[in-house]
Amino acid sequence: MDRAVLGGGRLEIGDLRREADLAAPVPPGGQDPLQSLFCLVAPAASGDQTWTVVALDRRTRRFTPEQRTGLQTILQQVLLRGDQLRSHSHLEQSHAEIQRLEAAQREQEAFYQALVESLPQAIFRKDLDGRFTFANNRFCSTMGKSREDLIGRTDEAIAPPELAV
């Protein structure tokens, strides 16, 4: 038997004619049948796929260490490309999800804006530092200020000290 399991997911068969379960039939047209095989198998980084590089030859031979190294390099490149494609796909999915969430947020903000503008009350919102972050039209009218004059300012910046809350 001319079969060598080299470890690390590698298999080499120097003469397929001696392997009854793998012997290739003689192809039509008088070509020589495949006689040598070198196979590398490696799992993808995600662990959900296995990649294989197979080198076949019509001559009986052992692959040289340089040829094995070259095939290992090819397999590494295949694995890297597979990982890049998978990462790109995940990024596209994440981007699509972000766009969906942003659209939902815009829709909610538009609903909120329409709601507070339709109410007869003066409505405003402040951050933890006491700065105005929102004011509806009724509040702006009551204060005699434009929305731009209010947003980002505190009571002290828009009202006399005795009226600032």
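**Exercise 1. Count the salt bridges in this predicted model, then work out where Arg 86 and Asp 83 sit and how open they are to the surroundings.**

Step 1. The count for this predicted model comes to five salt bridges. Let's take one of them: the side chains of Arg 86 and Asp 83 meet, with 3.0 Å from N to O. That falls within the 4 Å cut-off, so the pair qualifies.

Step 2. Now find the two residues along the chain. Both belong to helix α1, which covers residues 65–118. They're three residues apart, about one turn of the helix.

Step 3. Check accessibility. Arg 86 has 18% relative accessibility, and buried means under 20%, so Arg 86 counts as buried. Asp 83 comes out at 22%, so it counts as partly exposed.

**Exercise 2. Decide which elements are linked by the salt bridge between Lys 126 and Asp 155, and say whether each residue is buried or partly exposed.**

Step 1. Start with the contact itself: the side chains of Lys 126 and Asp 155 meet at 2.7 Å, N to O.

Step 2. Place the partners. Lys 126 is in strand β5 (residues 124–126), while Asp 155 is in helix α4 (residues 155–158). With their positions 29 residues apart, this pair links distant parts of the chain.

Step 3. Look at the accessible areas. Lys 126 has a relative value of 31%, which makes it partly exposed. Asp 155 has 10%, so it is buried.

Step 4. Lys 126 has another partner to note. It lies over the face of Phe 132, at 4.9 Å from the ring centre.

**Exercise 3. Classify Asp 129 and Arg 131 by accessibility, and give the distance of their salt bridge.**

Step 1. The side chains of Asp 129 and Arg 131 meet in a salt bridge of 3.4 Å, again N to O.

Step 2. Asp 129 has a relative accessible area of 57%, and exposed means over 50%, so Asp 129 is exposed. Arg 131 has 36%, which puts it in the partly exposed class.

**Exercise 4. Find out how the rings of Phe 124 and Phe 139 are arranged, and where the two residues lie.**

Step 1. A search of the whole structure gives four aromatic pairs. In one of them, the rings of Phe 124 and Phe 139 have centres 4.7 Å apart. Their planes are at 40 degrees, so this pair is tilted.

Step 2. Phe 124 is in strand β5 and Phe 139 in helix α2 (residues 137–143). The two are 15 residues apart, and the pair links distant parts of the chain.

Step 3. Phe 124 is partly exposed at 41%, whereas Phe 139 is buried at 8%.

Step 4. Add Phe 132 to the picture: Phe 124, Phe 132 and Phe 139 form one aromatic cluster.

**Exercise 5. Describe how strands β5 and β6 pair, and what is special about phi at Gly 130.**

Step 1. β5 pairs with strand β6 (residues 132–135) in the antiparallel sense, over three bridges. One partnership to look for is Phe 124 with Ala 135 in β6.

Step 2. The two strands form a hairpin with five residues between them. In the turn, Gly 130 has a positive phi of about 85 degrees.

**Exercise 6. Judge how confident the predictor is, over the chain and over residues 1–5.**

Step 1. The mean pLDDT of the protein chain is 80, and 76% of its residues reach 70 or more.

Step 2. Over residues 1–5, pLDDT stays under 50. For that stretch, the model has 19 contacts beyond four places in sequence.

Technical notes. Residues numbered from 1 in each chain as written. Heavy atoms only, no water. Helix = DSSP H or I, 4+ residues; strand = E, 2+ residues; numbered from the N terminus. Buried < 20%, exposed > 50% of the residue type's maximum accessible area, 1.4 Å probe, protein only. Phe/Tyr/Trp six-rings, centres within 6.5 Å; stacked < 30°, edge-to-face > 60°. Lys NZ or Arg CZ within 6 Å of the ring centre and 35° of its normal. Pairing = 2+ DSSP bridges. pLDDT = per-residue confidence, 0-100. Contact = heavy atoms within 4.5 Å.
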